[in-house]
Amino acid sequence: MPAIDEPSLPEEFSDLQPYLEWALEPERARTEMRVASSMVEIRDFYDTVQPRLEAMIRYLEDFRDDPMPAPAHRLYLISLSLVEVANLVELYKRREVFEGCDPLRYASDQ
Amino acid sequence: MAMKTELREKQWVEKYPDVGTEPLPTEPYLSQERFALERDLVFRRSWINVGRVDEIPGIGDYFVRDIAICKASILVVRGSDGIVRAFHNVCSHRSNTLVLDERGTCPGRLNCHFHNWVYSDTGELLWVPDEENFFDLDKRDHGLTPVNMDIWEGFVFVHLDPEPAQTLQSYLGGVADQLAGCPFDKMPLSQTYRVEERANWKVGLDAQNELYHFPFQHRHVAGDAFRTNDKRQSRYQDLRLYNYHSVWSCEYGESHKLTPIASTLYKFDGILRAFTIPQMIGEMDFFTVFPNFVILLYQLGTSTSYLTYHFWPLAVDRTIWEIRVHFREPLSVRERIRQEYFKCISRDTLQEDTAMHEAVHSGLASRAKPHIILQDNEIAIRHFHKVMEDRIGAGLPT
């Protein structure tokens with residue numbers, strides 16, 4: 001949890017504040033969030049964050065050689081959640097993998 | 001770029017007529033007797049990959065891998081002399097399992113938690129509590145039991161036969177020649193998935209060992225990812241059958257469209273530096289290393305990556321499919337997110353595969369069909385089963 005005075009996300013990305021709950025690690029937490037979300041929620045998250053991805057990457061590149069400050073790290077984790085759900089919106093156009101097994105069988109704590 | 005893939009039909013059986021064209025029996029996927037033969041004549045008598053030396057870079061680092069079909073637990077440890085050794089993970093006293101965690105670092109010694117017998121990280125028995133109360137016990141005779149082990153390009157292989165008939169290099173044959181010097185150490189482990197499947201271990205391996213299914217089963221994610229003919233049927237760029245192993249290679253398709261996310265992630269970022277490997281044959285190479293190991297090398301953007309698969313039989317109808325994802329250290333945040341994206345796409349595709357493996361096994365188990373039928377692009381499956389039949393038929397150690 002952010003300290004009292006610390007912004008949760010970098011100032012330039014305060015519009016993504018409603019999606020802070022997607023700033024998750026490790027991979028298992030992002031997979032569980034994906035499984036627990038409705039397609040409406042997933043699409044809303046994707047539609048808002050996807051157009052910001054280029055700006056997010058450019059912002060984060062400044063920190064690539066240093067430990068990221070916590071707000072930047074949360075932004076980074078949101079980008080990982082975006083690619084976690086990208087397939088559902090862009091290719092499957094539904095919440096489930098076609099003829100797939102339970103996705104939690106592929107949940108990983110690493 | 002000129003296409004390297006020939007699109008004509010039935011080209012691989014021309015190259016390898018000996019593997020035949022007949023249907024294969026379904027019983028070997030189902031028979032308990034057959035499973036026992038595979039244990040005794042294949043898994044106990046082949047070089048089995050158990051991991052990589054990168055997993056244990058430091059003195060005292062160890063990992064434990066179970067070869068469940070042989071009820072073997074293998075302890076691989078880097079000793080204080082820097083040398084990597086493999087032992088049965090069994091205490092000499094009363095055969096307790098020595099190390100219980102999957103990996104770790106020992107401070108120069110390994111303690112059995114039953115009666116605290118202590119071993120060095122090179123396998124000698126160092127200390128026995130209340131030693132004076134034993135009868136003629138000579139500690140020098142009771143070190144850990146070594147397992148034959150050899151290392152190829154950083155991959156650790158063990159052989160459970162006390163006297164392997166072949167060296168690892170000779171066993172790997174053409175695979176070792178093709179991938180000699182491949183910089184696997186530049187592509188560290190990023191993720192491991194270990195999925196227990198209700199299927200015979202060969203069902204999953206066979207399902208992966210061809211490209212025919214891609215435009216169909218994986219149509220949503222990767223239907224047009226690889227080179228196809230004008231009827232949208234997959235074709236290989238190259239295919240080679242080795243002594244026991246095989247490789248098939250393919251080119252990526254030209255019509256593959258980038259999604260909005262992929263367009264952003266594959267954009268030139270100014271720090272991109274190509275990382276390609278001269279050992280690769282195509283843009284994706286699928287090496288099957290007999291019996292249960294796969295090395296899958298592929299180009300991801302301008303960078304080479306690889307996956308490994310292990311199919312670990314638990315029972316005739318239960319298997320752990322272990323998938324390890326390796327990427328080079330990313331040079332930029334964009335590359336790191338691209339790797340994550342690729343991993344997620346792969347994982348979704350693997351979920352399609354797992355469901356399919358189990359559905360195929362159910363169909364086989366119904367015994368509705370005595371045979372499976374294979375086409376030219378499924379020739380590597382045919383080769384694998386021929387090697388298996390030869391091995392079981394001959395019953396000879398290799």
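Is B:Ser46 buried or exposed? In this predicted model, B:Ser46 counts as buried because its relative accessibility is 0%, which falls under the 20% limit for that class. B:Ser46 sits in the loop that runs between α2 (32–42) and β2 of chain B, and its side chain reaches back to the backbone oxygen of B:Val42 at a distance of 2.7 Å. Leaving aside residues up to four places away in sequence, B:Ser46 touches B:Val158, B:His159, B:Tyr171, B:Phe290, B:Pro291 and B:Arg391.

The domains of chain B come next. The domain assignment of this chain gives domain 1, made of the stretches 11–44 and 181–394, and domain 2, which covers 48–163. The centres of domain 1 and domain 2 of chain B, taken over C-alpha atoms, are separated by 32 Å, and the contact takes 23 residues from domain 1 of chain B and 21 residues from domain 2 of chain B.

From the domains we can turn to the empty space inside the model. Rolling a probe the size of a water molecule over the atoms shows where such space is left. The count comes to one cavity of 30 Å³ or more, and the largest cavity has a volume of about 40 Å³. Its lining consists of B:Asn49, B:Gly51, B:Arg52, B:Phe155, B:Phe293, B:Thr308, B:His310, B:Arg324 and B:His326. The elements that give two or more residues to this lining are β2 (48–52), β17 (303–315) and β18 (318–326) of chain B, and the largest share, three residues, comes from β2(B). Sorted by class, the lining of the largest cavity has two nonpolar, five polar and two charged residues. Both domains take part, since the lining draws at least three residues from each of domain 1 and domain 2 of chain B.

Chain B also contributes to an open space, the second largest pocket, in which about 460 Å³ of space lies. Of the 20 residues that line this pocket, the closest to its centre are B:Ala207, B:Glu210, B:Val360, B:Ile372 and B:Glu378. The elements that give two or more residues to the lining of the second largest pocket are α5 (201–208), α9 (333–365) and β19 (371–372) of chain B, and by class this lining has 10 nonpolar, five polar and five charged residues.

Two residues of chain A complete the tour. A:Glu27 is found in helix α1 of chain A, which spans residues 27–36, and A:Glu27 counts as buried because its relative accessibility is 1%. The side chain of A:Glu27 makes a polar contact of 2.8 Å with the side chain of B:Lys343. Apart from residues up to four places away in sequence, A:Glu27 touches A:Glu84, A:Ser108 and A:Gln110 in chain A, together with B:Gln191, B:Tyr193, B:Lys343 and B:Arg347 in chain B.

A:Tyr19 has its place in the segment before α1 of chain A, and A:Tyr19 also counts as buried because its relative accessibility is 11%. With residues up to four places away in sequence again left out, A:Tyr19 touches A:Asp44, A:Phe45, A:Thr48 and A:Ile78, and a polar contact of 3.0 Å joins the side chains of A:Tyr19 and A:Thr48. A:Tyr19 and A:Leu88, which are 69 residues apart in sequence, lie 18 Å apart in space, C-alpha to C-alpha.

Notes: Residues numbered from 1 in each chain as written. Chains lettered and ligands numbered in written order. Predicted model: local features only at pLDDT ≥ 70, side-chain atom pairs only at ≥ 80, totals over all residues. Heavy atoms only, no water. 1 Å grid on protein atoms, 1.4 Å probe; cavity = no way out; pocket = protein on both sides within 12 Å on 5 of 7 lines; lining within 4 Å. Points joined across faces, edges and corners; volume = space filled by probe spheres on them. Helix = DSSP H or I, 4+ residues; strand = E, 2+ residues; numbered from the N terminus. Nonpolar A, V, L, I, M, F, W, Y, C, P; charged D, E, K, R; others polar. Domains from an automatic or database assignment. Buried < 20%, exposed > 50% of the residue type's maximum accessible area, 1.4 Å probe, protein only. Polar contact = N/O pair within 3.5 Å; in protein donor to acceptor, adjacent residues only side chain to side chain. Contact = heavy atoms within 4.5 Å.
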